[in-house]
Amino acid sequence: MVKGKMKFRWVGILIIIFLISTYCIGAQVFAKLSKDESKSRADVITIDTLKVFGYLEKPEVTFLHDVHTDALEKQGKDCLACHLPKSNSIPGVFKEAVAGIDPLSPKFKRLEDTARKEVMDIYHKFCIDCHNDMGAQKLETGPVTCGECHKESKTVSSRQPAGMDKNLHFRHSKAREKKCEQCHHEFNEEKKELVYVKEKEGSCRYCHLENPKEIPVYAKDSAQISKLSMKEASHLDCISCHRKTIAKEMDAGPVKCSGCHDAEMQAKFKKAETIERMERKQPDVVLVSTGDKLPDDGRLGNVRMNAVAYNHKSHEESNDTCRVCHHASLDKCSKCHTLSGSKDGDYVKLEKAFHQIGTDKSCLGCHELNQQDPKCSGCHVFMEKGRKQADESCLKCHENLTPDMMNLVKSGDNTALAEKMMKARSTASETYPDDDIPEKVVIKDMMDKYQAAELPHRKIVNTLMKNISDNKMAGYFHRDKGTICQGCHHNSPVSTKPPKCSSCHGKPFDENELLRPGLMGAYHQQCMTCHKEMKLEKPAGCTGCHKEK
Amino acid sequence: MSVSRRKFLAWMGGAGLSTAFGTKAYAASNKQFKGYPDTMGVLHDTTLCVGCRSCEDACNKVNNLPQPEKPFKELSVLDKTRRTDSKTFTVVNKYDNSKEPKNPVFRKIQCNHCLEPACASACFVNAFKKTKEGAVVYDASVCVGCRYCMVACPFNIPAYEYDKVLDPKVVKCTMCHPRLLEGKLPGCVEACPVEALTFGKREDLLKIARERIRKYPEKYVNHIYGENEMGGTSWLYLTGVAPEEIGMREDLGITPAPNLTSGALAVVPMVAGLWPVFLTGAYAISKRKEKIAAEEQAEAVSKAVAETNTAAEEKLAKALEKAAKEKEAAIQKEVKKALEEAAAKAQEEDKEEDA
């Protein structure tokens, strides 16, 4: 009887020792990892590969890629420790250009997802073996039991999309001595190989789609659409090239997740002082027309709407990528967007391609989005979205032509015409001279409660003018002296002596003018909404404008 | 009268159909009370409200309510979510803005003046009344203080003067009904400096609200809260974020409160009328049962008594018989004994004579 008791006691003690030791060892190993867990990181990869074979037996694994890259680096190992070289299956110029780089498969220790069991075994074998090895070498290591990997993670992914903007493109082209063929290629259907065609370069994304399984209707028949998604293509090629450059001990781009996908790192990208224009024989100015020639019945212009002179060069300067406008190819808009719409243009008519509001791909849509800048939105927030544009605003782009220009129309020299129209344009905003602008406007409508409110009228006008002085687009659309005044003095013709607010706004809730606010509502809505939109902190509170009596 | 099989089936089918479709036809009718013509209301545009509490101040003044602890200019009050109480007919609350975290949303809360008020439908003394101007008003003289109205209100509005011992009342916003009758605006609407509150005919307010949504689709949620909620309310709301985010219930449905309760409440008069009949019937039945039971019992008792009596008599007779027999036997025994003794004596006497 006594013997039996002793036995139980010893077993108990051993169990306790075992538990404590496991806990302590575990705690040491994961001390660093669990510290990182609460953070948001750019390198969070969720391993749920087995989903392609149906279901997951255990929770998906949250894998921190950069933690592994760093750990391997310390041991002098590189990407090859986990990723296998993948041969480029498509022959051609690109293969030669990247020769010796050995693009690596983004998949872990395999090239293809073969079968459920095989893939699972690859992960379990290589992950656990490596963790065990490192543990044996008394190095900081990762988990080896099921629940330590297959568990819900608190780490939030802060991965930002990465892309090649103008600055990065310029730095790459400079570093690669303008050897465009090292990256740009297209597929030659006849030769079944990748070729480089000079001055036909485009965005990678035209052929490498986000999801190659969802090809847009207009590209269904295109031989150029690649099986490789943008994600696969960029991780294969960009990282391989960066690795090769690092191996040569040259200045190279990032190879770690956070290098490209972390917001902080992105902000630290070196900015070239002057970004040279891309060379693809793109025009400086374009005469944007329907391309639809009407029979010349003697009237000048022989088109329905006056063609628009478009400053291609300045739009290049103010945008980060060509894709902003050329969203599917670097062809001219009317190639796909025909007058009456076509399959190639996804049935978006030419008129809509230029005028649609609510998209960043059309002229008007992009200009409207620019109006959300706090410098602009104080006035523009009041303007109805989707309104019918005033006739005079059509003329801002579809300009009236001078007799000189008419002659060029007749001669059919579009480039000369566009250049001439561009030269005639001014992009300097202008308003009335200070003497014509009242310095102060005193509003005495709430004198029963407060002192009169003094509106620094001239200061406001000058601030608004200063805000748009360095903005070419704003300058162009605010060329007329009275345009800036219309932000507040709306609904009445432009004039140096516009009607007073109280001329229209009076007693509130007029049944005959349902949509017109009363005077107090008009003042407060206009002033306060504008101040809020322009993110002005002063004046704050009621007494900011109305001094106490 | 002879009815063919075919005719009989047709009649039965017809009867079945009429019961099946009767209720549906009623539900699909387009008759819905949409308020009195030209009824008034207020449109609260929460995107315009700046949370200045001018409305609360004005409400307090026009209704002669006691001054609160902190003055109305004190905006820190907004940091806590409040509700209406017996001394506050309206409150402005501040909510986080999911669209623009830097600009909180303010919402004024008061009685929504339902087109078909739940409070009125719950009140069995008709203390609440929807006026043709749009206001739901309260008559303290008939109120019995049951506070069913407070339970009924889906917006949690009516409050009770718990602090008054003798004449507590239910209190809530009156939409300034007395002022409306004088041709004045409700106090809060008049005081709002930004016209976040618009007063007018309910129909006009809906037009204004729709126009604002049409003009600025990015600014507004495409929904006029109160247009259909609980069958429609006189106060309408425009919001820039989902109403739920700024504490407005989205689970209310569009059925007016009286329609929800009419089925159950319609049973009340029936119960009241039939109750005496029921009780009398039940009483009569139980009485009759008692009578029968008593009769049965009496019968049983008498029967039992009679049985016992006969049994006892029989027993007695048997005992008597037995006793008589025993007595006779004893007598005979005694007689026999005496005879034997006498015979023996005679023999002895004979012997003695012989000797």
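**Figure 1. Positions listed as "binding site" in chain A of this predicted model.** The unreviewed UniProt entry gives the label "binding site" to His172(A), Cys180(A), Cys183(A), His184(A), His185(A), Cys238(A), Cys241(A), His242(A), Cys257(A), Cys260(A) and His261(A). These positions span 90 residues in sequence, and the two C-alpha atoms farthest from each other are 25.4 Å apart, so the positions do not all gather at one spot.

**Figure 2. His172(A) and His242(A), two of the listed histidines.** His172(A) is found in helix 6, residues 166-175 of chain A, while His242(A) belongs to helix 7, residues 230-247 of chain A. Is His242(A) buried or exposed? With a relative accessible area of 12%, His242(A) is buried, because buried means under 20%. His172(A) has a relative accessible area of 33% and is therefore partly exposed. When neighbours within four places in sequence are left aside, His172(A) is in contact with Met164(A) and His242(A). On the same basis, His242(A) is in contact with His172(A), Ala252(A), Gly253(A), Pro254(A) and Val255(A).

**Figure 3. Stretches of chain A listed as "domain: Class III cytochrome C".** The unreviewed UniProt entry gives this label to residues 56-150, 160-261, 303-398 and 477-546 of chain A. In the span 160-261, the end C-alpha atoms lie 5 Å apart, and the content is 32% helix and 6% strand. In the span 477-546, the end C-alpha atoms lie 35 Å apart, and the content is 34% helix and 0% strand.

**Figure 4. Arg387(A) in a loop of chain A.** The loop that holds Arg387(A) runs between helix 14 (374-380) and helix 15 (391-397). Arg387(A) is partly exposed, at a relative accessible area of 25%. How far apart are the C-alpha atoms of Arg387(A) and Cys238(A)? They are separated by 45 Å, and the two residues are 149 residues apart along the chain. Cys238(A) is one of the "binding site" positions in the UniProt entry.

**Figure 5. A nonpolar patch on the surface of chain A.** Which residues form this patch? They are Met6(A), Trp10(A), Ile13(A), Leu14(A) and Ile17(A), and together they have about 520 Å² of accessible area. Ile17(A) sits in helix 1, which covers residues 2-37 of chain A.

**Figure 6. The largest nonpolar core and its residues in chain B.** In soluble globular proteins, nonpolar side chains tend to be buried together. The largest nonpolar core in this model has 45 residues. Those with the most contacts inside the core are Phe155(B), Val189(B), Leu197(B), Phe199(B) and Trp235(B). Several elements of chain B each supply at least two residues of the core: strand 1 (40-45), helix 2 (54-62), strand 2 (91-95), strand 3 (105-109), helix 6 (187-191), strand 8 (197-201) and strand 10 (235-238).

**Figure 7. The surroundings of Phe199(B).** Residues up to four places away in sequence are not counted here. In chain B, Phe199(B) touches Met40(B), Gly41(B), Val42(B), Met175(B), Leu180(B), Leu185(B), Pro186(B), Val189(B) and Leu205(B). Phe199(B) also touches Phe509(A), a residue of chain A.

**Figure 8. Salt bridges in chain A.** Side chains of opposite charge can pair when their charged atoms come close. How many salt bridges are there over all chains? The count comes to 42. One of them joins the side chains of Asp129(A) and Lys125(A), at 3.0 Å from N to O. Both residues lie in helix 4 (residues 116-136), four residues apart, about one turn of the helix. Asp129(A) is partly exposed at 34% relative accessibility, and Lys125(A) is partly exposed at 47%. Another bridge joins Glu513(A) and Arg516(A), at 3.7 Å from N to O. Glu513(A) counts as partly exposed at 34% relative accessibility, as does Arg516(A) at 33%. Asp48(A), Lys51(A) and Glu60(A) are linked in a network of salt bridges.

**Figure 9. A salt bridge in helix 2 of chain B.** The closest N and O atoms of Lys61(B) and Asp57(B) are 2.8 Å apart in this bridge. The two residues are four residues apart in helix 2, so about one helical turn separates them. Lys61(B) is exposed at 53% relative accessibility, whereas Asp57(B) is partly exposed at 23%.

Technical notes. Residues numbered from 1 in each chain as written. Chains lettered and ligands numbered in written order. Predicted model: local features only at pLDDT ≥ 70, side-chain atom pairs only at ≥ 80, totals over all residues. Heavy atoms only, no water. Core = buried A, V, L, I, M, F, W, Y, C linked by side-chain atoms within 4.5 Å. Buried < 20%, exposed > 50% of the residue type's maximum accessible area, 1.4 Å probe, protein only. Contact = heavy atoms within 4.5 Å. Patch = residues over 30% accessible without salt bridge, like charges linked within 9 Å, V, L, I, M, F, W, Y side chains within 5 Å. Areas by Shrake-Rupley, 256 points an atom, 1.4 Å probe, with all protein chains shown as cover. Salt bridge = Lys/Arg side-chain N within 4 Å of Asp/Glu carboxyl O. UniProt positions renumbered as here; feature names shortened; annotations may be inferred.
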